[in-house]
Amino acid sequence: MCLFCKIANNELSANTVHENDDFIAFHDINPKAPVHVLAIPKTHVDSFNDVTPEMMAAMTAFIQEVVEKVDVKESGYRVITNIGENGGQEVKHLHFHILGGARLRWGHFADADPKDFL
């Protein structure tokens with residue numbers, strides 16, 4: 001069972017932002033922006049390559065609810081998913097990074113410090 005499955009099954013705690021029967025969103029423990037939330041399906045899906053159109057439609061609605069809850073809907077935000085090793089996927093469970101809270105620069109975020117966005 002992967003790390004995100006354990007969070008989805010309440011075996012590990014997370015700073016939850018929003019949750020429903022199918023998805024959970026929580027604050028990233030290594031934020032790259034003032035607002036950095038991860039949204040995941042509760043069922044295990046390896047990556048975006050394996051997601052169904054039906055799940056993606058439901059995930060879209062869920063992410064739209066999350067951005068309202070973290071108050072970035074109007075100011076703007078970025079949604080990113082990494083796929084595979086070369087894409088930077090560190091946890092092999094479909095997840096979307098929701099970044100906002102400041103004007104975001106484009107580029108690789110591996111070494112980004114959220115304070116640099118302020």
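This passage describes the sheet, the charged pairs, the cysteines and selected loop residues of a predicted model.

The sheet comes first. Five strands build an open sheet, and their order is β1-β2-β3-β5-β4. The pairing is antiparallel. Strands β1 and β4 (77–80) lie at the edges, and each of them pairs on one side only. Neighbouring strands are turned against each other by 20° on average, with direction ignored. In general, strands of a sheet pair through backbone hydrogen bonds, either parallel or antiparallel.

At one edge, β1 and β2 form a hairpin. Between the two strands lie 3 residues. The antiparallel pairing of β1 with β2 runs over 3 bridges. Within this pairing, Glu19 has Ile24 of β2 as its bridge partner. Strand β2 (residues 23–27) is also joined to β3, here by 5 bridges. These two strands run antiparallel. Phe23 has its bridge partner in β3, namely Pro41.

At the other edge, β4 is joined to strand β5 (residues 96–100) by 4 bridges. Again the strands run antiparallel. Arg78 stands opposite Leu99 of β5. The side chains of β4 alternate along the strand. Arg78 and Ile80 point to one face and are buried. Tyr77 and Val79 point to the other face and are not buried. Such alternation between the two faces of the sheet is the general pattern in a regular strand.

Charged pairs were examined next. Side chains of opposite charge can pair when their charged atoms come close. A search of the whole structure gives 2 salt bridges. One of them joins the side chains of Lys42 and Glu19, with an N to O distance of 2.7 Å. Glu19 belongs to strand β1 (residues 16–19), whereas Lys42 sits in the loop between β3 (35–41) and α2 (53–69), so the pair ties together parts that are 23 residues apart in sequence. Glu19 is partly exposed, at a relative accessible area of 36%. Glu19 therefore takes part both in the strand pairing, through Ile24, and in this salt bridge, while its relative accessible area of 36% leaves it partly exposed.

The other salt bridge is formed by Glu68 and Lys73. Their closest N and O atoms are 3.5 Å apart. Lys73 is partly exposed, with a relative accessible area of 45%.

The cysteines give a negative result. The search of the whole structure finds 0 disulfides. A disulfide is a covalent bond between the sulfur atoms of two cysteines. For Cys2, the closest cysteine sulfur is that of Cys5, at 3.5 Å. This is too far for a bond, because a disulfide requires the sulfur atoms to lie within 2.5 Å. Seen from Cys5, the closest cysteine sulfur is in Cys2. Both residues are buried: Cys2 has a relative accessibility of 19%, and Cys5 has one of 9%.

Two residues stand out by their backbone angles. Most residues other than glycine have a negative phi. Asn10 is not a glycine, yet its phi is positive, at about 60°. Asn10 lies in the loop between α1 and β1. It is exposed, with a relative accessible area of 61%. Asp71 also has a positive phi of about 60°, although it is not a glycine. Its place is the loop between α2 and β4. Asp71 counts as exposed, at 65% relative accessibility.

Ala14 completes the picture of the loop that leads into the sheet. This residue lies between α1 (3–8) and β1. Ala14 is partly exposed, with a relative accessible area of 32%. It touches Ile7 and Phe26, residues up to four places away in sequence not being counted. Ala14 and Ile24 are 10 residues apart along the chain. Their C-alpha atoms are separated by 9.8 Å.

Terms used
Residues are numbered from 1 along each chain as its sequence is written. This is a predicted model: local features need pLDDT of at least 70, side-chain atom pairs count only at pLDDT 80 or more; totals for chains, interfaces and linings use all residues. Side-chain values use heavy atoms; hydrogens and water are left out. A salt bridge is a side-chain nitrogen of Lys or Arg within 4 Å of a carboxyl oxygen of Asp or Glu. Buried means under 20% relative accessible area, exposed over 50%, partly exposed in between (1.4 Å probe, protein chains only). Two strands pair if DSSP finds at least two bridges between them. Axes are lines fitted to C-alpha atoms, for helices over the stretch in contact, and angles run from 0 to 180 degrees between N-to-C directions. Contact means heavy atoms within 4.5 Å.
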